[in-house]
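This report covers the strand arrangement, the nonpolar cores and the surroundings of one threonine. The structure comes first and the description follows.

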Amino acid sequence: MTGVLRRLGGDLADAPSSGGVGWAGGGGSPGRRRPRLGRRRRLVAALVAALGVLFGYIAIRPVSGAPVLVAARDLSPGPLRPGDLRTATLAQVPDGAVRSGAVGQVLTSAMRRGEPLTDVRLLHSAPLPTGTVATPVRIPDAEVARLLSPGSMIGVYAAWENQAAQLVADDVTVVTIPRGDDDHGALLVLAATPTQAGQLAAAQAGGRLSITIKPRPTAPSS
């Protein structure tokens, strides 16, 4: 293509200017100019054809990158189902990108459509504070659960029949809030110590759970 452009440029440079001898003037023969004009037209046609081939190649060439799983639509925390994810080829793949086998695993936080799925978004890989375990509990009030988000810190109370509510686990962190049927309350996954996990299991076996929401710690002012 570079050679074609150079040849076209040379021919255009050789062409007479508007102030020179006209086609019918006495300085040149129309018979000698017609082959040069035809050659320029052929060069222009060749250039246009070459550009068409180049643009066609750019349009159909495969995208470089690696296939990963991305959200097929906006997703809420909870078990991943068929159709929640699709495969996309990304030029820049984030660390920990999941490539397959995510259906059935639990998403710990919301995802936007097109966002790549990484391992830290899944419950089995979610980072937990040292010395804690992921502990699922169900509270009866789904509306209260909507006030929470991953990272919220709560206290969990249990009330038995004819007894006042008692604190069974304090300062526990919400890991995720899987989506579910509001008719059955809301499921929370908490980061609790093994002792707290045992107390929570015993409490929800026969008691009614409720929570208090603690303010997030604020960063110290500089």
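Two strands are said to pair if DSSP finds at least two bridges between them. Strands (E, at least two residues) and helices (H or I, at least four) are DSSP runs, numbered from the N terminus. This is a predicted model, in which local features need pLDDT of at least 70 and side-chain atom pairs count only at pLDDT 80 or more, while totals for chains, interfaces and linings use all residues. Residues are numbered from 1 along each chain as its sequence is written, and side-chain values use heavy atoms, with hydrogens and water left out.

**Sheet**

An open sheet is formed by five strands in the order S5-S8-S7-S6-S9, with antiparallel pairing. S5 and S9 are the edge strands, each with a single partner, so one side of each has no neighbour in the sheet. From one strand to the next the twist averages 45° (axes are lines fitted to C-alpha atoms, and angles run from 0 to 180 degrees between N-to-C directions).

S5 and S8 run antiparallel and are joined by seven bridges. S7 and S8, also antiparallel, are joined by three bridges. S6 and S7 pair over five bridges in the antiparallel sense. These last two strands form a hairpin with six residues between them, and Asn162 in the turn has a positive phi of about 65°. Some of the facing residues are listed below.

| Residue | Opposite residue |
|---|---|
| Val133 | Ala192 in S8 |
| Met153 | Thr173 in S7 |
| Ala158 | Gln166 in S7 |
| Thr173 | Ala191 in S8 |
| Thr176 | Val189 in S8 |

**Nonpolar cores**

A nonpolar core is a set of buried Ala, Val, Leu, Ile, Met, Phe, Trp, Tyr and Cys residues joined through side-chain atoms within 4.5 Å. Buried means under 20% relative accessible area, with a 1.4 Å probe and protein chains only. The largest core has 21 residues, of which Ile154, Val156, Leu188, Leu190 and Leu200 touch the most other members. Two or more residues of this core come from each of strand S5 (133-139), helix H3 (142-145), S6, S7, strand S8 (186-192), helix H4 (194-206) and strand S9 (208-214). Apart from this core lies another, of eleven residues, including Leu80, Met111, Leu117 and Leu122.

Six of the seven residues of S8 are buried. Contact means heavy atoms within 4.5 Å. Leaving out residues up to four places away in sequence, Leu190 touches residues that include Val133, Ile154, Val156, Val172, Val174 and Leu200.

**Thr176**

Thr176 belongs to strand S7 (residues 166-176). Its relative accessible area is 0%, so Thr176 is buried. A polar contact is a pair of N or O atoms within 3.5 Å; within protein, one must be able to donate a hydrogen and the other to accept it, and residues adjacent in sequence count only if both atoms are side-chain atoms. The side chain of Thr176 reaches the backbone oxygen of Thr108 at 2.7 Å, and a polar atom of that side chain lies 3.4 Å from the backbone oxygen of Leu107. Beyond residues up to four places away in sequence, Thr176 touches Pro77, Leu107, Thr108, Ser109, Leu123, Pro150, Leu188 and Val189.

**Confidence**

pLDDT is the predictor's confidence in each residue, from 0 to 100. The protein averages 79, and 74% of the residues score at least 70. Among its elements, strand S6 (residues 153-159) has the highest mean pLDDT, 95, and helix H1 (residues 2-14) the lowest, 49. Over residues 17-27 the pLDDT is below 50, and this stretch has eight contacts in the model beyond near neighbours in sequence.

Conventions. Buried < 20%, exposed > 50% of the residue type's maximum accessible area, 1.4 Å probe, protein only.
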